[in-house]
Amino acid sequence: MPHLRSWTSPPTRREITLLLFSLTVFVLSYNLEASLGIVGVHPQKLTSSYLSSIGLGTKDPGFDPDGRRPKEWRDELESIIAGEWEWREGEVSGVARGSSAASGSGRNAVIYNFGGSRKVARSAQKEDRGVSLNTGVTVKDQFIKWGKDVPETSVVAHTPGYTVLDNVIAVNGTLFVVANDWTKLPKLGDIASSSLDATKPPRVQDWHILTTQDAAEMFGPYAAKIHGTSWLALGNAESQDPYTLFSLFRTHASLSSTAAPASFTSSSGLHIIAPSPDTASSPHPSSVPAPLRIIFPHVPTFSSPNIPPGPGEDPKSHPPPRDRAYTGIHPFIPKAVFATLGVWYTEDWQDLADMHVPFLLDRVVIADRGAAERGRAHWAPAPSARTDELKRRAAGQEGEPAWAAPFVGLSAPEAWWAPVRAALLRYLHLADGAGAGTYGASESKGASLWGLSKKQAPRPVVAYVSMQDEPVGAGARLSSEDHERLVTGLKALEKQGVLGEVHVVRGNGSVPAPEWEARMSAIARATIVMGPYGLQLADSVYMRSPLEDSAAASGSGKKPAQGASQSEASAPAPLLMEFFPPGTFVRDQQFAMHALGIDYMAWWNERKFAGTSLPDVVSPSVTPGQDPRVPLDVDAVLRTVREEASKRTVA
C-alpha cells in the first residue's frame with residue numbers, strides 16, 4: 001500500500017517539472033515579441049497583420065507623433081473631436097506650407113519661434129522659452145538646485161508701480177526679493193501694495209526682502225523654476241480695466257528701449273541713476289522674449305459663487321453657468337493677440353502657495369496702481385522724444401491715471417504698440433494699413449473716357465460706440481433722442497459721400513465672437529471713433545497710430561518719392577471724440593491717445609476741447625443704479641465731423 005503524503009510534504013520531481021514548464025510558457029507568451037526576437041524572428045513578422053493571420057492576436061499600434069490614432073484606427077468620433085488636418089514634423093498645423101509665421105505671415109504669426117523648415121539656433125532655444133516645436137521647458141529644467149547660492153534679484157526697469165524684476169521667489173503666497181545690498185533696490189512700497197488695502201505698502205505676508213544667506217536657510221537648496229516672462233497684475237477685480245494690458249505691455253516694451261532706465265529711490269532713500277547703456281548691445285524689439293503668462297493673484301476665476309445641488313437634485317447634473325471675474329481684458333484679446341499668454345487667477349496662485357515649495361520666477365513685469373498712486377511725485381520722465389512735453393511739467397501732477405506711470409517714467413520705442421495692433425489685424429484678416437479709410441462703393445464712378453479706373457481718395461470711416469442697448473450700470477450714454485439724431489446724421493453724411501462707412505457698435509465689447517470681430521474691425525479701421533465717456537472707448541488704442549508710420553520711415557531711412565501723394569507720405573492721424581457731461585472730465589482715453597499720437601477731442605454739449613486746451617480733471621459723480629445721461633449738441637458734432645472728414649480725406 002503506497003505511503004499517503006500530506007499537503008506539507010515536499011514536492012516531487014514531477015510537480016517541480018510541471019511548475020517550471022508552466023512558468024516558462026507564461027514568461028515566453030507574456031512578452032511574445034521579445035521572445036521570438038531572441039530566436040531570430042524578423043521584426044516584420046511581428047506586425048499585427050501577420051500575427052492576426054497566424055492567430056496570435058493583434059498589437060495596439062499606439063498614437064501617431066501628432067497625438068492622434070493611425071488613420072486605419074480612426075473613426076467618425078475622432079474626426080469630429082480632432083478634425084481632419086495634416087501635420088508634419090517640425091511644422092505647426094494650420095500654417096500653410098512654405099509660409100513662416102515667424103516672418104509675420106499667417107493667422108498664427110503671433111506664435112513665437114517656429115516656421116516651415118526654418119531651423120532655430122541652439123542658443124536661441126535656451127534664451128526664448130516661447131511656444132515652439134523645437135524648444136520648450138523640460139521637467140529637468142523646471143527643477144533647480146541652488147545649494148547656498150540663491151539667485152539675487154535684479155532690477156531691470158522701474159518706475160513707481162511698474163517694475164521689471166529678474167529672479168523673484170514665491171513661497172506660500174509671499175513674494176521674496178533676494179539681495180545682499182538692499183540700497184540698490186527700490187522700496188517695496190514703490191513696487192507693490194498691501195493685498196488688503198491698495199493705499200498702503202505691502203505687508204510682510206505680501207512682499208519681503210532677504211539676503212542670500214537668509215534665503216538659503218529659509219528655502220533650502222532646491223526650488224522649482226517658472227521660466228519665461230510673467231506679467232503680475234496686482235490688485236482686485238475692481239481695480240482692473242482695459243488699460244491694465246496696455247500699461248503692462250508698455251512696461252514690457254521698455255526692455256527693448258535703447259534709453260537708460262529711469263532713476264529710482266532705493267529702500268535706504270538713496271537716489272540711484274542707472275548708467276547709459278551701450279546702444280550697440282541694446283536688445284532689438286524682436287529679441288525680447290514674449291510674455292508667457294499674466295497672473296491675477298487677487299482676482300478669482302469667477303465672480304459668481306458656486307451653487308451646489310440642492311436637496312433632492314441630481315448631484316451629477318450640470319451646475320448653472322457662472323460669471324467670469326472682470327480683469328479688464330476681453331476674453332478674445334489673449335487668443336487673438338497674445339497666443340502664448342496664459343491667464344492665471346487666484347486659484348492658480350493658491351495652488352503654488354499650497355505646495356509649500358519655493359518657485360523662482362525667471363522674470364516678472366509688475367503692475368500695481370496703488371504703488372503708482374503713492375509714488376506720483378517720483379514719476380521721473382525717462383529720456384525720450386515723446387516725453388519732452390512731460391519733462392516741462394511736474395510728473396504725475398496733471399491728472400494722469402495711475403496706469404500712466406510707465407508712459408512717464410519708462411522709455412520705449414515709438415512703435416512699441418505696433419506688434420499688438422498688427423497681430424489683431426492679422427486675426428481679423430485686415431491689411432496692415434487698415435485705418436486709412438475706405439474707397440467706398442462709388443469708386444467705379446471715376447472711370448475715365450478710355451475705360452481706365454481713376455483712383456479715388458479714401459474716405460473716412462466712423463465708428464460710433466453706442467451704450468443705448470447696454471444694461472443699467474454699464475456706463476454713461478446719450479439720450480434716446482440725441483442717439484437717434486446722431487445715427488441719422490452720420491448715415492446722411494455717408495450717403496452724401498462725406499464719409500466712407502459708418503458703424504454703430506456696442507459699448508462694452510462683451511459680445512459673441514462674430515459681433516466682437518465686427519466691432520474690433522470697425523474700430524481698427526476707423527478714422528474717427530466717438531461715443532460717451534468711459535472705458536468702452538478704450539479699444540480706440542487699436543486705431544492706426546501715426547507713430548508706427550514715423551518709426552517705419554525713420555527705420556528704413558527712405559523719403560517719399562517726388563510726386564508721391566500725401567497718403568503715401570503720411571496719412572493724417574485718426575481722431576477720438578469723447579462726450580462728457582458739462583463740468584466732468586477724466587484723462588484715461590486722452591492720455592492713451594496722446595501716447596499713441598492719435599488726435600483727441602472732448603465735448604461738453606456744444607463746446608469742444610482739443611490739443612492743449614483741455615478742461616481740468618473733474619471726476620464724474622455717479623449715482624448707484626443710474627447711468628449718467630450725456631447732453632450733446634448733435635448738430636455741432638455733425639458739423640465738426642464734416643470738417644474733420646475733409647482734413648482726413650487725403651488726395
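In what order do the six strands of the open sheet stand, and is their pairing mixed? I would like to start there, and I should say at once that what we are looking at is a predicted model. The order across this open sheet is E14-E12-E15-E16-E17-E18, and the pairing among these six strands is mixed. Strand E14, residues 501–506, and strand E18, residues 607–610, stand at the edges with a single partner strand each, so one side of each is left without a neighbour in the sheet. From one strand to the next, the twist averages 20°.

Let me take two of the pairings in this sheet in turn. Strand E15, which covers residues 528–532, runs parallel to strand E16, residues 575–580, and five bridges join the two; in that pairing Ile528 stands opposite Leu575 of E16. At the E18 edge the sense is antiparallel, with four bridges joining strand E17, residues 599–604, to E18, and here Met601 has Ala610 of E18 opposite it. E17 and E18 form a hairpin with two residues between the strands, and in this hairpin Asn605 takes a positive phi near 60°. As a general reminder, strands of a sheet pair through backbone hydrogen bonds, either parallel or antiparallel.

Two helices belong in this picture as well. Helix H15, residues 480–495, lies across E12, E14, E15 and E16, and its direction is at about 170° to that of E12, the strand of residues 461–466. Helix H16, residues 513–525, also packs on the sheet, where it touches E12, E14 and E15, and its direction makes about 130° with that of E14.

Now I would like to move to another part of the chain, around strand E3. How many of the 10 residues of strand E3 are buried? For this strand, residues 162–171, the count is 10 of the 10, so E3 is largely enclosed by the rest of the structure. Its pairings can be followed one at a time. Strand E2, residues 154–159, is antiparallel to E3 and joined to it by five bridges, with Thr159 standing opposite Tyr162 of E3. These two strands form a hairpin with two residues between them, and Gly161 in the turn has a positive phi of about 90°. Strand E4, residues 174–178, is likewise antiparallel to E3, through three bridges, and the bridge partner of Val171 in E4 is Thr174. The hairpin of E3 and E4 has two residues between the strands, and Asn172 there takes a positive phi near 55°. E3 also pairs in the antiparallel sense with strand E11, residues 359–367, over eight bridges, among which Val168 has Leu361 as its partner in E11.

Tyr162 also brings us to the cavities. A search of the whole structure finds three cavities of 30 Å³ or more, and the second largest cavity holds about 40 Å³ of space. Its lining consists of Tyr162, Ala233, Leu234, Ser239, Gln240, Thr244, Ala367 and Arg369; by class, that makes four nonpolar, three polar and one charged residues.

My next stop is helix H14, together with the loop that comes before it. Is Leu410, in that loop, buried or exposed? Leu410 sits in the loop between helix H13, residues 405–409, and helix H14, residues 418–427, and with a relative accessible area of 3%, against a cut-off of under 20% for buried residues, Leu410 counts as buried. The C-alpha atoms of Leu410 and Arg250 are separated by 8.4 Å, although the two residues are 160 residues apart along the chain. In H14, seven of the 10 residues are buried, so this helix is largely enclosed by the rest of the structure; the buried residues are Ala418, Val420, Arg421, Ala423, Leu424, Leu425 and Tyr427. After H14 comes His429, which has a positive phi near 60°.

Let me finish with the chain as a whole. The chain has 20 helices and 19 strands, and 44% of its 651 residues are buried. Of the contacts between residues at least 6 apart in sequence, 72% join residues at least 24 apart.

Note on methods. Residues numbered from 1 in each chain as written. Predicted model: local features only at pLDDT ≥ 70, side-chain atom pairs only at ≥ 80, totals over all residues. Heavy atoms only, no water. Pairing = 2+ DSSP bridges. Axes fitted to C-alpha atoms, helices over the stretch in contact; angles between N-to-C directions. Contact = heavy atoms within 4.5 Å. 1 Å grid on protein atoms, 1.4 Å probe; cavity = no way out; pocket = protein on both sides within 12 Å on 5 of 7 lines; lining within 4 Å. Points joined across faces, edges and corners; volume = space filled by probe spheres on them. Nonpolar A, V, L, I, M, F, W, Y, C, P; charged D, E, K, R; others polar. Buried < 20%, exposed > 50% of the residue type's maximum accessible area, 1.4 Å probe, protein only.
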